[in-house]
Protein chains: 2
Amino acid sequence: MGRVTILDTLLRDGALSEGVSFTPEDKIEILQLLDRLEIPYLEAGWPYQWPEDLEVFERARELDLKGRLVAFGSTRRPETDPDRDPNLRALLKAETDTVHIYGKAWSLHVEKVLRTTLEENLAMVRETVAYLKELGKEVIFTAEHFYDGCRHDRGYSLEVAAAAVKGGADILVLGDSVGASLMHEVAKGIRSVKEAHPDVVVGFHGHNDMGLAVANAIAAVEAGAEHVQGTIGGYGARTGMTDLSTLIPILKLKMGIDVVSDEALRNLTPVTRAIVNKIGVGDLDYHPFVGYKVFAHRTHSHIAAVLSDPETYEPIPPEAVGNERRLLLPGIARASYLESLAQRLGVDLTGDSAANQRIREELLRLEEAGYTYEDAEASLELVLGKLTGRFHPAMTVERLRLFEVIRGKHQPVVEASLRIQLGSHDEYVAAEGTGPVTTLFEVLLGALREVRSELGPLEDYVCGIKLAAVRVRTFYPRGKQELRARVTVTFSDGARTWSTIGISRDLIQATWQALFDGIEYGLYTKAEAEGIEPPLFK
Amino acid sequence: MGRVTILDTLLRDGALSEGVSFTPEDKIEILQLLDRLEIPYLEAGWPYQWPEDLEVFERARELDLKGRLVAFGSTRRPETDPDRDPNLRALLKAETDTVHIYGKAWSLHVEKVLRTTLEENLAMVRETVAYLKELGKEVIFTAEHFYDGCRHDRGYSLEVAAAAVKGGADILVLGDSVGASLMHEVAKGIRSVKEAHPDVVVGFHGHNDMGLAVANAIAAVEAGAEHVQGTIGGYGARTGMTDLSTLIPILKLKMGIDVVSDEALRNLTPVTRAIVNKIGVGDLDYHPFVGYKVFAHRTHSHIAAVLSDPETYEPIPPEAVGNERRLLLPGIARASYLESLAQRLGVDLTGDSAANQRIREELLRLEEAGYTYEDAEASLELVLGKLTGRFHPAMTVERLRLFEVIRGKHQPVVEASLRIQLGSHDEYVAAEGTGPVTTLFEVLLGALREVRSELGPLEDYVCGIKLAAVRVRTFYPRGKQELRARVTVTFSDGARTWSTIGISRDLIQATWQALFDGIEYGLYTKAEAEGIEPPLFK
């Protein structure tokens, strides 16, 4: 198979996803991230629908991106001259060399949604494409609902495709716009259009309503498509669309199509994670290729197999996409696993020194108490950092109390008071709030704010740490009758996120431990990055 | 295409997923949920790997499930008699009519992982299947790594399949165990095996490492497979495996294969949501067919199109899978879903009476606050029961306070005090404990113990209610900046289990609500069953 070009439409179709929204700043940042993947077409906005996108195009032109910027719009309205059509005027204001327009390829949509004649719709397609070609643009035309149309009135859908070719479209994209097609239907559509128009580049745009958007893109390419649209992270209307972070490795590593360079492919995991974390919607944990838990092996037999040959349980080498292997066991007692985890955090536990012995004993004690770190590696890094002298604990809690009126005559009340040593400072602070977790978080930040002027370059940092999520599960420890709470807390400082864990019979104790560890971790690692010597507080 | 049987392995392969774990109690609950989907094979455990699964099989036999229970294991060890093999012994202790065993179908695994000869591996497969057949079992054999094997040494993989057929396997499953295969490879494998063994039922088991587990299952069925394995929710080792909640609607609605009844299909959304919420791992929002945001339409043009004809932007009718359309414009209520839930609890909300109007308003108010009941139906039953006069609330909290020393000179302390009306009795009680959840639970039970002599036949019942599990997730409500806690609590009285929900900005408030509702639910339904007339407390 030959050349395939990719168009990413995260900033346009992705913005149709419930819960997803972008400021112009977000879009600029994301464009720069996407460009690290060497994606040839970057669809950055829809000027008619979202006029603020014009600012994005203006700023993006200054960025010196490798990819081509693409603006999105539609065919002209019925009975309207292209040069008077407000949608096309907005599109052209984006001043991109490449434009992407869509037209209806399903008679039902033409009649029920556009409310015009089938003949006028064909003219709209042909004339709009021709108009944009006359202006010197590269034109990508998407035949929206091509496959739905084929199921109902195949002849008409093919006429729409022919009208776009007649208008001079450079790339003719067949849309599975409701995500309702199976792979053989997609392949058949691509082949029909390629047979009718052997010289035009045919492409595919597919939604994920049946979980098949990646598979359908593969079927399209196998049938001769040379252009695929999608989004990093799979964002798009409803269930989303073809996820490029899944498709790109398959095209390159399994189908031998050089869509991006080896180096760009190695950027896939960090770029996808950065984008998904930035959008704040969706869960990457189990995401093919780029997820946190996907090159993770859990049972003894799987781990033994992977240690003898990774290919036994891995579809591609994780490092090819910038990801990494993780070997998990329930708990961390097994020495080799423990060692490899510590090694990843910069601690060599292989030697038999007294120091190593002490570390292993402490980790074993924690494991007995139920600690596992798959989703809370910051806690493990903190434990190891303290045991090895990398971190110098500078915060000691003397007393912490929580009081709550859960039901009463008046409004519910939550109060916390804290006496804490911060270096040589002895602070007493109180806080009130709407719940115990935020109140405990506030009382700790309150104490740090008291000494912020001591923190040098970290002065503002402490105020910028945010709680991103709290998760609690309960379990019965082996052989015990008493329910334990396992709490993980995720923090964000704007640039990175980290998670910590607390375990206790007491939900609040466990939460406090995760909160305290998370703040310590944020401060100590930030101090390290800023080159601040201990003690942290002057 | 003809008949296709489904095997769900959530309780076995799903348990290999990082972060997923089940107690025997969980497994029993999930088996009952899965059985509402009429899945013919329910793989409930792996007795050799997890001996506690034997308890699950023992209890599951009493459940009168429609689906067949399946126990999982492997071929015998090299150079070991089947009747002396500890894995097969454990497997047989499960006493299921159907067993599922796997054997290696990739020469690399045989040599590097099993460390035996290719010839001995063939004998292991053939003899193990034959041994189980002699014992009268229905035998499902999975050729693990069949497709990886085909890529390296096709002849050997086919020999393994032949050995299983020779041993007498009833169903021969080809495993894409690393999820590294494309659809055409899967189809080719199925066809080759069907050609060689036209009389055996051929099946498919596929992992999702490349995001293709559903597509590959479809390709397998199109190529002639008559058995598919997967899990509701897509849980499984690493990225998971074929998601049955995606596959089942495609097989039934798009491919015309009657895998489950129309009624079972309508249970798909509530059952999948209940399971995913129970597991507490993974995000259903954008999940095909059963997600919260998948029949959601956001732009005016999409909404206008869907209002004129839903087919314009929907791959299937949402009600066919028990889901519902959501138009993301203000003022459009989602009544139909709640109506169907209420109906299952014996309340007919379809009429336009004033009483129904009041109930709908209350349910919508709760829904706005974030309440969903898939995993906490006792709460909905309680709300409906109070609104319809089925239950007569007999417990009113006057005042509740919680005090906790989280860190201090002495041992941590948790104390709660409660003033409560129980019928005509006014009680004041205090409790201390090891954590806030158990302390709040204790203080409420303490108050009930004060009036237990008033409870007639329920006198001992109140003391027998146990906390089985507590789960907390946090979320940001639509358009709000403030984290909310969603707490579900599961209770058990020895004979049955039930779950309730609380939502609040305050984790403890939310927990209290779920605790209080759970005790009310337990008491009121038990009183109903015992024929005790209100008022509950004399």
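Which residue of β11(B) stands opposite A:L402? In this predicted model, the residue opposite A:L402 is B:E404. That pair belongs to a junction between two chains, and the following paragraphs approach the junction from the overall form of one chain.

Chain A contains 17 helices and 16 strands. Its C-alpha trace extends over about 80 × 60 × 45 Å along the principal axes. Of its 538 residues, 51% count as buried. When contacts in chain A between residues at least 6 apart in sequence are considered, 65% of them join residues at least 24 apart.

The chain is divided into three parts: domain 1 covers residues 5-260, domain 2 covers 296-387 and domain 3 covers 395-530 of chain A. Between the centres of domain 2 and domain 3 of chain A, taken over C-alpha atoms, the separation is 27 Å. These two domains touch through 11 residues of domain 2 of chain A and 15 residues of domain 3 of chain A. On the side of domain 2 of chain A that touches domain 3 of chain A, six residues are nonpolar, three are polar and two are charged.

The contact between the chains comes next. Chain A and chain B each contribute 81 residues to it. Several elements of chain B give two or more residues to the side that touches chain A, including α4 (107-114), α8 (213-222), α16 (436-450), β14 (466-475) and α17 (507-530). The element of chain B that gives the most to this side is β11(B), with 10 residues. Sorted by class, the side of chain B that touches chain A holds 42 nonpolar, 20 polar and 19 charged residues.

Strand β11 also carries the pairing with which this account began. Residues 395-407 of chain A form strand β11, and seven bridges join this strand to β11(B), the two running antiparallel. Strands of a sheet pair through backbone hydrogen bonds, in either a parallel or an antiparallel manner. Here the pairing forms part of an open sheet of six strands, in the order β13(A)-β12(A)-β11(A)-β11(B)-β12(B)-β13(B), with antiparallel pairing. At the edges stand β13 (425-433) of chain A and β13 of chain B, each of which pairs on one side only. On average, neighbouring strands of this sheet are turned by 5° against each other, direction ignored.

Helices accompany the sheet. The helix α16(B) packs on it and touches β11, β12 and β13 of chain B, its direction making about 145° with that of β13(B). The helix α17(B) lies across β11 of chain A together with β11 of chain B, and runs at about 45° to β11(A).

Within chain B, strand β12 (residues 413-422) and strand β13 (residues 425-433) are joined by nine bridges and run antiparallel. Their hairpin has two residues between the strands, and B:G423 there takes a positive phi near 60°. B:L422 stands opposite B:H425 of β13(B), and B:S417 stands opposite B:A430 of the same strand, β13(B).

B:A430 illustrates the surroundings of a single position in strand β13 of chain B. Why does B:A430 count as partly exposed? The reason is that 13 other C-beta atoms lie within 10 Å of B:A430, whereas a buried residue would have 20 or more and an exposed one 12 or fewer. Its contacts, leaving aside neighbours within four places in sequence, are B:E415, B:A416, B:S417 and B:V443. Although B:A416 is 14 residues away from B:A430 along the chain, 5.6 Å separate their C-alpha atoms.

The interior may be considered last. In soluble globular proteins, nonpolar side chains tend to be buried together. The largest nonpolar core of this structure has 219 residues, and A:A220 and B:A220 have the most contacts inside it. Helix α6 (residues 146-167) of chain A supplies the largest share of this core, nine residues. Leaving aside neighbours within four places in sequence, B:A220 is in contact with B:V186, B:A187, B:I190, B:F204, B:A225 and B:V228. Apart from the largest core lies another, of 98 residues, with A:A342, B:L380, B:L384 and B:F441 among them.

Definitions and conventions. Residues are numbered from 1 along each chain as its sequence is written. Chains are lettered from A and ligands numbered from 1 in the order in which they are written. This is a predicted model: local features need pLDDT of at least 70, side-chain atom pairs count only at pLDDT 80 or more; totals for chains, interfaces and linings use all residues. Two residues are in contact if their C-beta atoms, placed from the backbone, lie within 7 Å. Helices (H or I, at least four residues) and strands (E, at least two) are DSSP runs, numbered from the N terminus. Ala, Val, Leu, Ile, Met, Phe, Trp, Tyr, Cys and Pro count as nonpolar, Asp, Glu, Lys and Arg as charged, and the others, Gly among them, as polar. Two strands pair if DSSP finds at least two bridges between them. Axes are lines fitted to C-alpha atoms, for helices over the stretch in contact, and angles run from 0 to 180 degrees between N-to-C directions. A nonpolar core is a set of buried Ala, Val, Leu, Ile, Met, Phe, Trp, Tyr and Cys residues joined through C-beta atoms within 7 Å. Domain bounds come from an automatic or database domain assignment.
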